[in-house]
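Biologist: I am new to this one. Could you walk me through it and tell me how each label is earned?

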Amino acid sequence: RRDLPTFSAQDVSKHSNEKTGVWVTYGIGVYDITKFISEHPGSKKNIMLGAGVSIEPFWHTYQFHKEAKILKMLEKFRIGNLKPEDRISIQNQGNPYDNEPVRNLDFIERSKIPYNAEPHLTQLVEHFITPVELFYVRNHLPVPDIDINEYELEVDITSTGVSRTFSMNDLKTKFEKAGVTAVVMCGGNRRSEMNAVKEVRGLGWGGGACGNAIFTGVRLCDFLTAMGVKSDEKSHVILEGYDRDPTYTPYSASIPLSKALDPRGDVILAYEMNGEPLNRDHGFPLRCVVPGVVGSRQVKWLGRIIIGDVESDSHWQQNDYKSFSPSVDWDTVDFSKAPAIQHMPVTSAICSPNPDHHEIKFTADGKMEVKGYAYSGGGNKIIRVDVTWDQGKTWHPADLVQLEDGENVSAGRHYAWTLWNINVPVEKNQHYVEVWSKAVDSNYNCQPETFKNTWNLRGVVANAYSRIGINLK
Ligand code: MTE
């Protein structure tokens, strides 16, 4: 790289918009990334934070950028070298990831920094209520370290100008305690299966980016009603976390106010998960659990609630967690044209046996035991899981394990998952069997047959038939 010209930080700063071209520095490299701006999966707004300056402070927080594939791509845009004396130092910034919680070593890591990991599917499907140590973790930023005695939840209602703060003690003593058994499922769950059809951008989740837990705390409808919030079809509830990016912007997402105020929506400001205080990775001391809705709206380390007439303007609400036609690519995508994912579509996943684990269980009469989960967003019940082992010539209904209708579970309020199992006959000399599953929900929606026709560039809502091929010998 010695043959390339040398630039000063001042030279670079003159290239900070698309008219002048967008230059950035990383280490001693100077890069012209103008052509890449529209392709940045983390949005144009975010990449422009580095325009004309060093991207190192940003990559210090979003450390997943420092992988060989991305560094190699950056190098393609190299136009020169930075004067060594102009190189900025990030040494004094400290490491924002120095204070991460202790974690389950048996997780499958999808990214170390920030931490993203899922359990092995064979373990996940062993429990109707997912133990906390098997519950996937999806963090966009460093985990905040919150002192419960100092913790405050701020609430701002823009229409009335009411603004209040609550301590954890207020939340626990002033409101009735309530709970819900609900799934949290990442919008990118099963992305790796969609990626196998054609490359998508995002963490390579398997089917383990979901879990089913009992969340207890304060019902958001009780909380907002006590604050005088009235039903209004046009308003949104913006939820902000205590985790912040390098520009001090918090993680944020929003849900419609109608969902928040619906007593049957079961939205909970949760301080407990499976009867224990939330742990740090899952949002200690408070997270918003929004049953039936994509995981990204279930904001952890909840710091502020804003009721207003617009959605959150965060990257995660506006420029991520949206799906497009299979023909939309990074040159043509316009995130403002698609609504933010709220309710999740119907899905199922075969979890055991798992081709990666090679552990096959047989019944006494020689049938292969197959187990999985099924789930549909919006409170829809799973009414059937069909399984085939002859490529769809014959389909067989699996046995379902799900919550019975009762006090808090009824039509439109099925927020927990369904576990299912079926025994698949195999011949004595059979070498290989392929098994597919498809779930049907109470709206009679069922999973699409293939990922090909629902492919989208971010690899979200990947809910096609689950298919596994198992070598029996
Ligand atoms: N809340 C905050 N404050 N910060 C985050 O990074 N990640 C979201 C959501 N809430 C996130 C957040 C996403 S994308 C998902 S899928 C779920 O939390 C994951 O929840 P879990 O880590 O408890 O499984």
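**Reading the labels**

Modeller: Gladly! In this predicted model, four strands form an open sheet in the order 19-20-24-23, and their pairing is antiparallel.

Biologist: Why are strand 19 and strand 23 said to stand at the edges?

Modeller: Strand 19 (347-352) and strand 23 (399-401) each have a single partner strand, so one side of each is left without a neighbour in the sheet. From one strand to the next, the twist averages 30 degrees.

Biologist: How do you know that strand 20 and strand 24 count as a pair?

Modeller: A pair needs at least two bridges. Seven bridges join strand 20 (residues 368-375) to strand 24 (residues 418-424), so the two strands pair. They run antiparallel, and G372 stands opposite W420 in strand 24.

Biologist: Now the ligand. What makes a residue part of the shell around the ligand?

Modeller: Its C-beta atom, placed from the backbone, has to lie within 6 Å of the ligand. The ligand is surrounded by 19 residues, and H140, C186, G241, Y251 and G295 are the closest. Strand 8 (137-138) and strand 13 (236-244) are the elements that give two or more residues to this shell.

Biologist: Which classes of residue make up that shell?

Modeller: Nine are nonpolar, seven polar and three charged.

Biologist: And what are the domains of the protein?

Modeller: The division gives domain 1 (6-89), domain 2 (111-337) and domain 3 (347-471). Taken over C-alpha atoms, the centres of domain 1 and domain 3 are separated by 45 Å.

Note on methods
Residues are numbered from 1 along each chain as its sequence is written. This is a predicted model: local features need pLDDT of at least 70, side-chain atom pairs count only at pLDDT 80 or more; totals for chains, interfaces and linings use all residues. Axes are lines fitted to C-alpha atoms, for helices over the stretch in contact, and angles run from 0 to 180 degrees between N-to-C directions. Ala, Val, Leu, Ile, Met, Phe, Trp, Tyr, Cys and Pro count as nonpolar, Asp, Glu, Lys and Arg as charged, and the others, Gly among them, as polar. Domain bounds come from an automatic or database domain assignment.
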